[in-house]
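Biologist: Mind walking me through this one? I'd like to know where the labels come from.

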Amino acid sequence: MQLITFRKPVDLHVHFRDGAVLEAVVPHTTRQFERAIVMPNLTPPVTTAALAAAYRERIMAAVPAGADFTPLMTCYLTDTTCAKDLIAGHRDGIFAAAKLYPAHATTNSVHGVTSVERLDPVLAAMAEAGMPLLIHGELVHHDVDIFDREARFIDSVLAPLLDRHPDLRVVMEHITTRQGAEFARSHGDRLAATITPQHLLYDRNVLFSGGIRPHYYCLPILKRREHQLALRAAATSGLSNYFLGTDTAPHLRGLKENACGCAGVFSAPVAIEAYLKVFDEEGALDRFEAFASLNGPAFYGFAPSSKQVTYERRNWQCPAVIAAGDEEIVPLFGGETVHWALQGQA
Ligand code: NCD
Ligand code: ZN
């Protein structure tokens with residue numbers, strides 16, 4: 001197959017940041033995606049509908065002229081989230097979903113939730129309103145090994161949460177393990193998972209190939225090959241429980257190439273190309289549209305795109321760095337050959 005045509009994709013997990021980085025990265029997402037679920041982990045975090053509405057305006061101001069793009073906003077849950085405001089924000093069309101970061105699990109999660117049980121009244125209100133809960137699923141106790149955080153979270157936090165809230169719709173964000181892939185399809189259509197390109201492309205060895213490689217460091221961290229293979233099988237299964245969420249997470253180069261480097265892979269410039277590589281290798285290009293353009297919208301309850309995009313098999317060189325104001329960001333595939341290219345849309 002030299003050409004592949006599918007409905008325009010939706011990215012169900014992006015970090016746009018703010019200021020000069022926002023301006024630099026938004027066009028990379030709008031080139032390939034019609035909508036995106038935007039993460040709220042700014043400093044300070046997006047915790048109210050008013051902050052989300054203002055952030056949405058700043059995003060729209062960075063969308064290139066002529067691009068048709070809708071950012072879908074999320075609320076950053078804290079120990080003090082007010083259920084009434086949250087549900088009003090959802091009803092008013094500002095919040096598409098709410099994001100649960102366990103405190104200290106990842107970038108800008110210091111204001112995250114310290115006790116999920118105490119959030120139960122908020123979660124009950126979300127279930128009643130039909131508002132999806134998006135979860136960064138890692139248990140971050142000091143006695144839990146970093147490679148076990150996801151599996152431990154599923155057993156000790158997520159499974160009980162789903163039992164306590166049988167009507168709550170939940171997305172396990174950026175799953176990284178066999179356990180995550182198996183669990184995501186265990187609760188029918190009320191539970192789903194996003195999968196990033198890097199967790200499909202690599203296992204944890206790439207972090208240490210010939211030296212330490214900060215641009216592959218993200219959270220949840222890359223896992224063993226066995227887990228990578230389980231994720232590849234899940235993404236290419238066509239099952240509606242799995243959909244595209246890049247977790248594109250730009251950090252300035254100096255903050256990644258650092259004695260204490262930030263977690264996050266900036267994949268937006270090559271996102272669809274990266275996923276196509278995986279689906280091609282797995283002989284599953286016929287299932288790509290379900291993963292990239294249909295399953296996510298079905299879960300969130302909006303229509304898939306009415307536009308069609310075509311990608312062609314053609315080699316091109318990904319730039320080593322992308323400019324962001326006076327600084328630069330290293331993208332996924334930076335300096336490498338990419339094997340698919342956007343040909344056009346109709
Ligand atoms: C994300 C970021 O930088 O905001 N980083 C990451 O490694 N994925 C946060 C997140 O999604 O965990
Ligand atoms: Zn993320």
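Modeller: Sure, and let's begin with burial: His-13 is buried, and so is Asp-247.

Biologist: What makes His-13 and Asp-247 "buried"?

Modeller: Buried means under 20% relative accessible area, exposed over 50%, partly exposed in between, using a 1.4 Å probe and protein chains only. His-13 and Asp-247 both get the buried label. Keep in mind that this is a predicted model, where local features need pLDDT of at least 70, side-chain atom pairs count only at pLDDT 80 or more, and totals for chains, interfaces and linings use all residues. Residues are numbered from 1 along each chain as written, chains are lettered from A and ligands numbered from 1 in the order written, and side-chain values use heavy atoms, without hydrogens and water.

Biologist: How do you know which residues coordinate the zinc ion (ligand 2)?

Modeller: Donors are N, O and S atoms within 2.8 Å of the metal (3.2 Å for Na, K and Ca); water is not among the atoms, so sites may look incomplete. His-13 (NE2), His-15 (NE2) and Asp-247 (OD) sit at 2.0 to 2.1 Å, so they count.

Biologist: Why is the site of the zinc ion (ligand 2) called irregular?

Modeller: Four donors are tetrahedral if all angles lie between 85 and 135 degrees; four are square planar and six octahedral if opposite donors are over 155 degrees apart and all others between 65 and 115; anything else is irregular. The four donor atoms here give angles of 92 to 138°, so irregular it is.

Biologist: How are the donor residues spaced in sequence?

Modeller: The pattern is H-x1-H-x231-D.
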